[in-house]
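Biologist: I am new to this structure and would like a close look at a single part of it. Please pick one helix, tell me what surrounds it, and then work outwards from there.

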Amino acid sequence: MSLYILCLILFAIGLYCLIVKKNLIKKIVGLGITEYAVNLFFILLGYTKGGEAPILSKDTPITNFVDPLPQALILTSIVIGLGVTALMVAITVRIYEKYRTFDINEIRRLKG
Amino acid sequence: MIELHVILILMIIGAVVAMELEDMLSSVIALGAVGIGLTLEFLLLRAPDLAITQLVVEILSLIILIRATVGVSLPRERIATRIGYFVFALVFAALFLFFSYKALAQLPVFGFPIMKMGSLYIKEALAKTGAANIVAAVILDFRGYDTLGEATILFTSVIGVLAVLRIKGRKT
Amino acid sequence: MKEDNSGMSLIVKRITKITVSLIFLFGVYIVLHGHLTPGGGFAGGVIIALSFIHLVLAFGKEVALKKMSQATVSIIESLGGLMFWGLALLGLIFGSYFFLNILPKGRPFDLFSSGIIIFCNIAIFLKVGAGLFAIFLALAFIRLPPEEKKGENR
């Protein structure tokens, strides 16, 4: 249970970073932290005590496996996270090229 | 299970460091350290597929993020935040933690999951698909639609990046 | 033989020539054994993309792009997507429903077992590897204009 709470604290740190920081790079960092916390929480939910990795073996039959379903979901989620990060970095690079700053207050003021 | 706690606490420290450092390059590298900690957690939680994928994805995302931070003219941009945002974020995070703590009582205890679908997949994976790696059997056979959607999302993201960053056809 | 000046120093280039092929081989191994050992199309695709990125970082853009241009990358990525979709449609055409595993399963724990899973892994590998390499190329090609153009309205 304490692992769940630590994982939720990690999520809250990412959320705080996403709200408070006005730097676009810091916002990307915050979104990355939240994504890590969510991925870890799913895998924690699927862990079986004393379980083995869900890979069948030819010689020794194993019965006590970890839940494979969260692992399959998170495997796609990690690659999606990379795509999202790349898209955000591309947009950030374009914004920097146009306005020469990462501060979103400054960008809002420069718009008109 | 003490090692899981230690690595998770180190990840929290890394996240705070990544959030509070002023130098953007150092901040991005601290985020990479958090990702490596996540790789170790996956390995300890018996998810080797995820550990390999997270490790290589972490390297690539670090390269991409460093590309965004290197070469900017203000590497240490100090941006003042308003006090209202600060209070709002603290209250929001505290409320989130409180309600999730309440909700934790409904979750299964750590180490004893509800494997309703998981036990079915484990029982029938070898007979129905012939794959020894159950995770591969789930993502490519039982739940192929998920992977199709994931491929679509990745394609959209690549198209988005190429459209945002294209050089030809831009009026200079 | 005259060494060109683009990219990093001579030491990095010599070592890259040795290591890139090993990284590439490891990626292919990860993909082809995706249904037997940990790994699969996602991890293998990212590893292959990293091997090409290694080449770009060490030798500079021009030398690396002779081996793999941006148009080639786009074609390979689309090919991977089409291949995955076609494999899914195969089940609808010859069987009863989408994503049906119609190919013979083979003996368990063999390299060529498990029906369409190994081909799906190869398709995802093409798609992920080429897509991520295209993202990297797009990010590496962009040049920020010099600072004094700030006031210019573009």
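Modeller: Let's start with what covers the buried residues of helix 1 of chain C: the cover includes helix 2 (41–59) and helix 5 (117–141) of chain C. The residues under that cover are easy to find, as C:Gly27, C:Ile30 and C:Val31 of helix 1 of chain C are buried. Please keep in mind, as you look, that this is a predicted model.

Now follow helix 1 of chain C from end to end. This helix takes in residues 10–32, which makes 23 residues. From its first C-alpha to its last it reaches 34 Å, close to the 33 Å expected at 1.5 Å a residue. Along the way there is a bend of about 30°, and you will find it at C:Thr16.

Step back to the rest of chain C. Its secondary structure amounts to 5 helices and 0 strands, so reading from the N terminus gives the order α-α-α-α-α. Chain C has 154 residues, and 40% of them count as buried. Take the contacts in chain C with a separation of 6 or more: residues 24 or more positions apart account for 67% of these.

For another helix to set beside this one, turn to chain A. Helix 3 of chain A has 32 residues, which should span 46 Å at 1.5 Å a residue; its end C-alpha atoms are 47 Å apart, and so the two values agree. Just after helix 3 of chain A comes A:Arg100, with a positive phi near 60°.

Helix 3 of chain A also brings us to the meeting of two chains. In all, 70 residues of chain A are in contact with 77 residues of chain B. On the chain A side, the elements giving two or more residues are helix 1 (2–20), helix 2 (24–45) and helix 3 (68–99) of chain A. Helix 3 of chain A supplies the largest share of that side, with 23 residues. Sorted by character, the residues of chain A that touch chain B come to 50 nonpolar, 13 polar and 7 charged.

Finally, a word on confidence. The average pLDDT of chain A is 86, and 98% of its residues score at least 70. Within chain A, helix 2 has the highest confidence, at 92, while helix 4 (residues 104–109) has the lowest, at a mean of 78.

Methods
Residues numbered from 1 in each chain as written. Chains lettered and ligands numbered in written order. Predicted model: local features only at pLDDT ≥ 70, side-chain atom pairs only at ≥ 80, totals over all residues. Contact = placed C-beta atoms within 7 Å. Helix = DSSP H or I, 4+ residues; strand = E, 2+ residues; numbered from the N terminus. Nonpolar A, V, L, I, M, F, W, Y, C, P; charged D, E, K, R; others polar. Expected span 1.5 Å × (residues − 1). pLDDT = per-residue confidence, 0-100. Buried ≥ 20, exposed ≤ 12 C-beta atoms within 10 Å, placed from the backbone. Bend = angle between axes of the 7 residues up to and from the residue.
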